[in-house]
Amino acid sequence: MTRRLRFGGRHILKRMPGTGPRHDVDCDSYEPPSGLSGLAAVEGDAIVENVEDGTTALKLGFSLSKIAGRAAPAANEGREAREARADGARLSLKATLHFLWDRAGFNRWRPAMAGRRNWAVLRKFLLDAAAVSTAKGRPLAHALYIPEMFDAKREDAIVRRRAELLSRAIQSAGNRRSLAILIGEVKEIAPSHIGARLVVKHAPRFPFMLAVDVERRMKKTFANELALWDANADSHLVAIATFGIGAAGVATVDAIALMMVSEDWIPVETGYEAMLVERLTRHGAGFVKALRYNLPAAQPMASLVLARAHGESTALYLVPADADAAFRERLEELIGESGMAAWVWDIADGPMLDLPV
């Protein structure tokens, strides 16, 4: 169910598409059934695997170019995962981040991983995932800027490498200019004279400017992520954004999405989910975090799939306090279709139930 492939002068070991659930839960290649997350809605359409060369073609729902002088589209990321429908044909910015996070393995957790994740590790594996993925006919890694781990002694070399990367990623053709993609941990979002200034960790002297309308839509669309980040000092807020470099040499964000992750870099959507992840890691449990991709919040999905003894697994579900009858009915259908043991925490019923660990 795995295959050794050659790509870009090196060999990679890659799981064959659709075989993830057939691996043992404790295997690195294990993947929960895609129907438990938002993956099922995009695989085969927005995410297309090439089994011959091991690459993955992505269809993006956002632009990697911009006509000079034209403002960012009004929709920005406001139509991403909070819509009343899911678009399976193309990946939103947030869904693209989910894809890379999944392929890099950072939605998986085992006790042995404790203390082994830092920005240098994340950067390496995210870039590895991007290197075997293509978008708009070229390797995704060619458009991707992930800041190097900051080191004052190597700052000049780091700045030079960043300039070289961006000179290749951001080019002009007539009045159209290509955009690069940033993935970085947010350090600060501060007011500026004409909008806001986004500062990411490990690139403190290379700010990204947000126009007033982009900042407004970001704060509205990702209010939950910003509130969680503000409330939890041990958490991380990860930004993915498309950006260009203007004539003044300033990086300006065209579109942006935010993702909240735990202290161990596991994505979480709510404080309840963060509590669940923290409880499981404290119990020494292994699990896989299901990712939403383009799936709207009104659509139920598993929160996590928990590894248990003897190769068994249990899907963990959270029911929001404001869940309506349609949500609950669809959740029952999902649990039945999964054929997997289920644990359900209905927030409206009170404190977390005992965990099946």
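Let me start with a pair of side chains, those of D254 and K66, which meet in a salt bridge with 3.3 Å from N to O, a salt bridge being a side-chain nitrogen of Lys or Arg within 4 Å of a carboxyl oxygen of Asp or Glu. This pair links distant parts of the chain, with D254 in strand 16 (residues 251–261) and K66 in strand 5 (residues 65–67), 188 residues apart. Helices (H or I, at least four residues) and strands (E, at least two) are DSSP runs here, numbered from the N terminus. D254 counts as buried at 7% relative accessibility, while K66, at 29%, counts as partly exposed; buried means under 20% relative accessible area, exposed over 50%, and partly exposed in between, with a 1.4 Å probe and protein chains only.

Before I go on, please keep in mind that this is a predicted model, in which local features need pLDDT of at least 70 and side-chain atom pairs count only at pLDDT 80 or more, whereas totals for chains, interfaces and linings use all residues. Residues are numbered from 1 along each chain as its sequence is written, and side-chain values use heavy atoms, with hydrogens and water left out.

The structure holds 18 salt bridges, and I would like to show you a few others. The side chains of R161 and E148 meet in one, at 2.7 Å from N to O. R161 lies in helix 3 (residues 155–169) and E148 in the loop between strand 9 (144–145) and helix 3, so this pair ties together parts that are 13 residues apart in sequence. R161 is partly exposed, with a relative accessible area of 34%, whereas E148 counts as buried at 16%. D151 forms a salt bridge with R154, where the closest N and O atoms are 3.4 Å apart. Salt bridges that share partners join E148, D151, R154 and R161 into one network. Within that network, D151 is partly exposed at 27% relative accessible area, and R154 is partly exposed at 34%.

Now to the chain as a whole. There are seven helices and 20 strands, and of the 357 residues 49% count as buried. If we take the contacts with a separation of 6 or more, residues 24 or more positions apart account for 62% of them, contact meaning heavy atoms within 4.5 Å. The accessible surface comes to about 16900 Å², and 52% of it belongs to carbon and sulfur atoms; these areas come from the Shrake-Rupley method with a 1.4 Å probe, and for residues only the protein chains shown count as cover.

In soluble globular proteins, nonpolar side chains tend to be buried together. Here, the largest nonpolar core has 84 residues, and those with the most contacts inside it are W101, F208 and F243; such a core is a set of buried Ala, Val, Leu, Ile, Met, Phe, Trp, Tyr and Cys residues joined through side-chain atoms within 4.5 Å. Strand 16, where we met D254, gives the most to this core, with nine residues. Apart from this core lies another one, of 12 residues, among them L36, Y317, F327 and L334.

Which residues does W101 touch, not counting those up to four places away in sequence? They include F106, N107, V261 and P267. N107 sits in the loop between helix 1 (93–104) and strand 6 (108–109) and is buried, with a relative accessible area of 3%. Leaving aside neighbours within four places, N107 is in contact with residues including W101, I266 and F287. I266, in turn, is found in the loop between strand 16 and helix 6, and is buried with a relative accessible area of 0%. Beyond the neighbours within four places in sequence, the contacts of I266 include W109, M260 and V277.

V277 brings us to helix 6, whose buried residues are E273, L276, V277 and L280. They cover an arc of only 95° around the axis, taken from the directions from the helix axis to the C-beta atoms, which puts them on the same side of helix 6. An α-helix has 3.6 residues a turn, so residues three or four places apart point the same way. The buried residues of helix 6 pack against strand 17 (287–289), strand 18 (304–307), strand 19 (313–319) and strand 20 (341–346). Just after helix 6, G284 takes a positive phi of about 75°.
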